[in-house]
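This report describes the strands, helices and chains of one structure in running text, with one small table. Please read it alongside the sequence and the model shown here.

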Number of protein chains: 4
Amino acid sequence: MLNELKREVCQANLELVKAGLVLLTWGNASGIDRERGLMVIKPSGVPYSELTPARMVVVAMADGAVVEGRLRPSSDAPTHRVLYGAFPQVGGVVHTHSLHATAWAQARRDLPALGTTHADTWHEAVPCTRALKPAEIRTDYELNTGRVIVERLAGLDPLGCPGVLVASHGPFTWGRSVADAVEHSIVLEFVAQLATESLRLRPGLSAMPAVLRDQHFFRKHGPGATYGQTAPPPPKRHGRQPNRPS
Amino acid sequence: MLNELKREVCQANLELVKAGLVLLTWGNASGIDRERGLMVIKPSGVPYSELTPARMVVVAMADGAVVEGRLRPSSDAPTHRVLYGAFPQVGGVVHTHSLHATAWAQARRDLPALGTTHADTWHEAVPCTRALKPAEIRTDYELNTGRVIVERLAGLDPLGCPGVLVASHGPFTWGRSVADAVEHSIVLEFVAQLATESLRLRPGLSAMPAVLRDQHFFRKHGPGATYGQTAPPPPKRHGRQPNRPS
Amino acid sequence: MLNELKREVCQANLELVKAGLVLLTWGNASGIDRERGLMVIKPSGVPYSELTPARMVVVAMADGAVVEGRLRPSSDAPTHRVLYGAFPQVGGVVHTHSLHATAWAQARRDLPALGTTHADTWHEAVPCTRALKPAEIRTDYELNTGRVIVERLAGLDPLGCPGVLVASHGPFTWGRSVADAVEHSIVLEFVAQLATESLRLRPGLSAMPAVLRDQHFFRKHGPGATYGQTAPPPPKRHGRQPNRPS
Amino acid sequence: MLNELKREVCQANLELVKAGLVLLTWGNASGIDRERGLMVIKPSGVPYSELTPARMVVVAMADGAVVEGRLRPSSDAPTHRVLYGAFPQVGGVVHTHSLHATAWAQARRDLPALGTTHADTWHEAVPCTRALKPAEIRTDYELNTGRVIVERLAGLDPLGCPGVLVASHGPFTWGRSVADAVEHSIVLEFVAQLATESLRLRPGLSAMPAVLRDQHFFRKHGPGATYGQTAPPPPKRHGRQPNRPS
């Protein structure tokens, strides 16, 4: 069942290792089959060297139950499930503790768009969620992690803002496919480090001009895209929520 | 004698190299056979490329004498011996000069719990020892290094605080096995760098909320653990000494 | 057509990956055949693992039209074309988003000559361009990027200043050949990181003494060069525009 | 002639690449045969991939003339020659532009002994030379570079202080053999980065206690050494010049 998706999800998890985004057994990637209402996700705490497509866990979107697989799913599976529920355009979700993105999450700061490298993928800042309330942590913690992400994305197109920083925790990214979600994790880690270094050179540096940001974002996304060999399908023009400093 | 333990200790030392935690011949890992009262440790100053299980040195817990092996044990062997004596739950000890953990040790600061990456392994801050007194340095230096570590752990469960920073020196970590001790060295180096980067982005950043810290620590440790494929055996609930700024 | 140049340009693009200067499909290198008025450049958005000399795109210097190749050229091709037009000594151009050079570009700072490592390749600071005006971004963005680079190089010898930082974007470098342009990208990334680290140790550090800068630059360049096995052909003595803080 | 020394020097140069201390053709290592009064050094500007023992250049200590080899010696050969002349205990010299050591050199700061990692190899701070005067740069630059190093070492045992930072330039290290000089370059780069990171965590951090510094230095050096499998021959007890802030 879902052999192709299992292969893609397994491959995506292994790409996170190759890209240097995960340590030990940390991190997880998932993909969704929307027609069947099933999510495929990495098992919990299994070494990456032992991951195979057959070990991926199939979880029902409806209630989070394990439908197939003898292993326990990633402990973050409920967070993934909330994101798929809220973002119908999304086909894959990734969570890592990659160094620089996690540092921004721990600092509880929105990651501002400081240059074209950022604006090629995120149209505006990478937002940071609010802290969870004690009650939200004590009960249904992983579900509530998904909920504060969705809350933070209000008014934004998830494909124009393909990832967030969860306060005191780390990044979640997503995309049309799980491979896209992995690519967004790679980009996020890079632009996080780039922003850190830029701010070291010019403390208080503010976001890039909106016109330059738009030029780069829409060069790669949407109906007027000119980058690459085929223009990708257009994302919806998304909202213009100002980058709120946290 | 102790062939399996020698193999594990040799392997653990080599894992430190693979993980990028040691330079040249620095660093050492040991394991203990509590029934026989014997400790197995890396020889002193031998290149990692020449380490074999047969070259591991067997030291008596009772008096530190070399029981087997033609090589001199790591110069830090007395420190390991003190830790095994004080922490009966511990089966392996590791010492490195890994970059970021050592920077915190040189800065003589407790490493605060700033996010879930930290709290998955250390329940609270990674404590930094006090400086040794001149007399403690001049006589029995390595033993006294062990003693200030034990002094600093007072009131803490060694499995909830599986490592410390020795002031002006570097990290020591431990665990149920020498493989666990290696894993804790890897985690410590990562959370040390992560904390450094987070503080760069928000100087004065304070520790994460206790409720989030507890949620993550006890998700992985103790009777209610839900992470991984089998819940690990419960560590004792350990004391709540406040993170003392150094 | 231009098989040797295609091979060199393909090789140069792959060297950028090996040197750790590009992520994903970012970055591009080109070379020029001045006799034929043709530029060879990397195709847009093609994975580096799929680059072959035959996939390089040939573009006419006169009007930017694709003369050969079934793929779309790099979206930065017009910028390259402007640089070749303005700098007749130049045989190759490279653009990357390498971490530290891009951080300086995002910080919109000239990269000062702080030591001999810098002065061996750049005679003075690596200049940062002014920001493009909104109208320059909205229309002919890539051409205008080339124009602000040329504007910034006014009065400087392009071979004594073989690269710039484009504000809020990233570095462009060049050289007598595309291989030289790659080497300059490697050097620029290193001296950018070196300057960042030096400024961390001594905030406000000013540029090195001019006499030391001249000694190193002219040890490697020009008629009195003594470095290497053959002295390179002499660049023109270039102007002495002061390092303008941006 | 000098085949064994040529092999060692060639190997040492290649070790610098493996250790990540050199970029492109930068850096050079040499060894000396004191009985014959000959120095063997890397050729200038030759790619590391093309280095072979036969390509090493033999230079006369007496006058710096090339005695054997068809290639031009490293442009820094005169600096090496001055160091061998002044430090009779030294058998090998290395120069690199390694990132962190060079950053300290560019910042023109002595690198303070902040922890045991440093004191295991340098008994005190790694000193930074004074800047060369314009006349010293214009004439006999490379010889004068050696002379300011020797001037800075006045009163120090070269084996207790096996390297310096040349202001606005980079590190030179040395040792009993060229292999030792390479090891000291590796250690210097590490302790330079470690000091940078420590100072980030505690700006204004002062040097470690002298008693701890002595304990570690003399654990590895001199008649009472206990580190490794054989105690190395004793260096002379060297002077106690205070670490001068630059």
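In chain C, β6(C) and β7(C) pair in the antiparallel sense over 4 bridges, where two strands count as paired if DSSP finds at least two bridges between them, and where strands (E, at least two residues) and helices (H or I, at least four) are DSSP runs numbered from the N terminus. This is a predicted model, in which local features need pLDDT of at least 70 and side-chain atom pairs count only at pLDDT 80 or more, while totals for chains, interfaces and linings use all residues. Residues are numbered from 1 along each chain as its sequence is written, chains are lettered from A and ligands numbered from 1 in the order in which they are written, and side-chain values use heavy atoms, with hydrogens and water left out.

Within the pairing of β6(C) and β7(C), the bridge partner of C:G163 is C:T173 in β7(C). The two strands form a hairpin with 3 residues between them, and C:S168 in the turn has a positive phi of about 60°. On another side of the pairing pattern, β5(C) is joined to β7(C) by 4 bridges, again antiparallel, with C:H95 standing opposite C:F172 in β7(C). Because 6 of the 6 residues of β7(C) are buried, this strand is largely enclosed by the rest of the structure; buried here means under 20% relative accessible area, exposed means over 50%, and partly exposed lies in between, with a 1.4 Å probe and protein chains only.

These strands belong to an open sheet of 7 strands in chain C, with the order β4-β3-β2-β1-β5-β7-β6 and antiparallel pairing. Its edge strands are β4 and β6 (163–166) of chain C, each of which pairs on one side only. Neighbouring strands of this sheet are turned by 25° against each other on average, direction ignored; axes are lines fitted to C-alpha atoms, for helices over the stretch in contact, and angles run from 0 to 180 degrees between N-to-C directions.

Strand β3 (residues 57–60) of chain C is covered on both faces, with C:V57 and C:V59 buried on one side and C:V58 and C:A60 buried on the other. Strand β2 (residues 38–41) of chain C is joined to β3(C) by 4 bridges in antiparallel fashion, and C:L38 stands opposite C:A60. Strand β4 (residues 66–68) of chain C is joined to β3(C) by 2 bridges, also antiparallel, and here C:V58 stands opposite C:E68. A hairpin is formed by β3(C) and β4(C), with 5 residues between them, and C:G64 in its turn has a positive phi of about 80°.

Three helices that lie across strands in chains B and C are listed below, with contact meaning heavy atoms within 4.5 Å.

| Helix | Strands it lies across | Angle |
|---|---|---|
| α1 (residues 3–18) of chain B | β1 (28–33), β2, β3, β4 and β5 (92–95) of chain B | about 160° to β1(B) |
| α1 (residues 3–18) of chain C | β1 (28–33), β2, β3, β4 and β5 (92–95) of chain C | about 160° to β1(C) |
| α7 (residues 178–201) of chain C | β1, β5, β6 and β7 (170–175) of chain C | about 140° to β7(C) |

Two packed helices are described by the angle between their axes and the distance between the axes. For helix α2 (residues 77–86) and helix α6 (residues 141–152) of chain C, the axes come within 7 Å and cross at roughly 35°. Residues making this contact include C:P78, C:V82 and C:A86 of α2(C) and C:L143, C:G146 and C:V150 of α6(C).

Chain B also holds an open sheet of 7 strands, in the order β4-β3-β2-β1-β5-β7-β6 and with antiparallel pairing. The edge strands in chain B are β4 (66–68) and β6 (163–166), each pairing on one side only.

Chain A has 8 helices and 7 strands, and 63% of its 246 residues are buried. The radius of gyration of chain A, taken over C-alpha atoms, is 17 Å, which agrees with the value near 18 Å for a compact globule of 246 residues, the globule rule being 2.2 Å times the number of residues to the power 0.38. As for relations between chains, chain B and chain C do not touch, their nearest C-alpha atoms being 12 Å apart, and no contact joins chain A and chain D, whose closest C-alpha atoms lie 12 Å apart.
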